[in-house]
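Subject: Structure for you to look at

Hi,

Here is the structure I promised to pass on. Please open it first, and then read my notes alongside it.

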Amino acid sequence: MQQVRDVVSAELDAVNAVIVEQLRSDVDMVENVGQYIVDAGGKRLRPVLVLLSSAALGTVSDAQIHFAAVVEFIHTATLLHDDVVDVSELRRGRPTANSAFGNAPSVLVGDFLYTRAFQLMVALGNHDVLKMMADTTNTIAAGEVLQLIRAGDADTSEDQYYDVIDRKTAALFSAGCEGAALLAGADAAKVEQLRVCGRNIGIAFQLIDDLLDYEGDPKVTGKNVGDDLAEGKSTLPLIHVMREGSEAQANLVRDAIKAKDRERLPDVVQAVRDCGSLEYTRNAALGCRDKALNALKELPASSAKDALARLAALSIERSH
């Protein structure tokens, strides 16, 4: 990942400077909570996607740097809200903001980051980007609601699962690449190619995230194993067990989802392994990686294009 970042390292430093500047507020709590989650690190994957997409089309403009900060602010706001909704206690190896500061500050600072993002977008003065990001943010919110109402629902289908991750995760990846292309004044074909690339990287990323919930090392992933099960999420590994496993395995997983029962995690993990559900999930992620790579074929050769291809590969070659 560091090699990927190195292609746009100066531009990423500029994005981080914008983030720090735009976190300033005369309300101390805003800066404290905002800085806490920003300082937690993370991959900066979405801003990097924006910058690489921009560079692959020529040069990275000041507008695209500010847009990359917009994308990171929206992502950070969703993390703040998600951790409250999911009652999460650990993210990136340390207490979540809601654990450190409380639920109310986390929700309200998340709101601040959303609105700051839209202030930045208005300042860009590009109506197409503003409309696209307004639609994207609405899509993400709807995806979060869908996930919430399906918590504990063991009858969630594979199509319904993909619908949720397309909305709540892939939408922002897609928007980052599309927005970079719109700000570059790219033609419709290139805008679509980058949109498709970003969407498929996002889906692959979420598939691996859901896989790691059953085979990841908490010391590496920075979050507790079995969180998805404790939240009653029917993710692809579990959906596959319920469809392909024995009656006993299917009933075990179904009951654990309904009860949101982390205590059954060892047995669920065994069922997931025995049914080949991790391999099934990884193969689905590989298919998305290939779609992302195919979408890049028509772009001109460049170090940024190569880095985008590497990022697509890294989306499935990761342990956290």
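Let me start with Gln64, which is buried, with a relative accessible area of just 1%. Please keep in mind throughout that this is a predicted model.

Gln64 sits in helix α5, which runs over residues 62–85. Which residues does Gln64 contact, once neighbours within four places in sequence are set aside? They are Val50, Ser54, Thr59, Ala180, Leu183 and Ala184. Of these contacts, Ala180 is worth a look on your screen: Gln64 and Ala180 are 116 residues apart along the chain, yet their C-alpha atoms are separated by 6.0 Å.

Now for the chain as a whole. It has 17 helices and two strands. Its C-alpha trace spans about 55 × 50 × 30 Å along the principal axes. How does the radius of gyration compare with that of a compact globule? For 320 residues such a globule would come out near 20 Å, and the chain, at 19 Å, agrees with that. Of the 320 residues, 53% count as buried. Among contacts with a separation of 6 or more, 76% are between residues 24 or more positions apart. The exposed area is about 13600 Å², and carbon and sulfur atoms supply 49% of that area. As for charge, the chain carries 33 positive and 47 negative charges, and the mean positions of the two sets are 2 Å apart.

Next, a lysine that I think you will want to inspect. Lys168 lies in helix α9, residues 158–183. Lys168 is buried but has no salt bridge. What is the nearest side chain of opposite charge to Lys168, and how far away is it? It is Glu144, at 4.5 Å, and a salt bridge needs the nitrogen and the carboxyl oxygen to be within 4 Å. Beyond its neighbours within four places in sequence, Lys168 is in contact with Ile140, Gly143, Glu144, Gln147 and Gln206.

One of those partners, Ile140, deserves its own paragraph. Ile140 belongs to helix α8 (residues 127–149). Is Ile140 buried or exposed? With a relative accessible area of 2%, Ile140 is buried, since the cut-off for that is under 20%. Apart from neighbours within four places in sequence, Ile140 touches Ile74, Thr78, Arg167, Lys168, Ala171 and Leu172. For a sense of distance across the model, the C-alpha atoms of Ile140 and Gly232, 92 residues apart along the chain, are separated by 20 Å.

On to the salt bridges, of which the structure holds 16. Here are some that I looked at:

- Lys131 pairs with Asp135, with 2.9 Å between the closest N and O atoms. Both residues lie in helix α8, four residues apart, or about one turn of the helix. Lys131 counts as partly exposed at 48% relative accessibility, and Asp135 is partly exposed as well, at 39%.
- Arg282 pairs with Glu215, and their closest N and O atoms are 2.8 Å apart. This pair links distant parts of the chain, 67 residues apart: Arg282 is in helix α16 (residues 277–295) and Glu215 in helix α10 (residues 188–215). Arg282 is partly exposed at 30% relative accessibility, and Glu215 is partly exposed at 36%.
- Asp261 and Arg264 meet through their side chains, at 2.8 Å from N to O. Asp261 counts as buried at 18% relative accessibility, whereas Arg264, at 27%, counts as partly exposed. Elsewhere, Glu158, Arg243 and Glu244 are joined into one network by salt bridges that share partners.

Finally, a backbone detail. Where does Lys260 lie? Lys260 is in the loop between α14 (247–259) and α15 (265–274). Its phi is near 50 degrees, which is a positive value in a residue other than glycine. Lys260 counts as partly exposed, with 40% relative accessibility.

If you have time for a quick tour, I would begin at Gln64 and its contact with Ala180, go on to the buried Lys168, and end at the loop that holds Lys260.

Best wishes

Methods:
Residues numbered from 1 in each chain as written. Predicted model: local features only at pLDDT ≥ 70, side-chain atom pairs only at ≥ 80, totals over all residues. Heavy atoms only, no water. Buried < 20%, exposed > 50% of the residue type's maximum accessible area, 1.4 Å probe, protein only. Lys, Arg positive; Asp, Glu negative; His and termini not counted. Contact = heavy atoms within 4.5 Å. Rg over C-alpha atoms; globule rule 2.2 N^0.38 Å. Areas by Shrake-Rupley, 256 points an atom, 1.4 Å probe, with all protein chains shown as cover. Charge placed at Lys NZ, Arg CZ, Asp CG, Glu CD.
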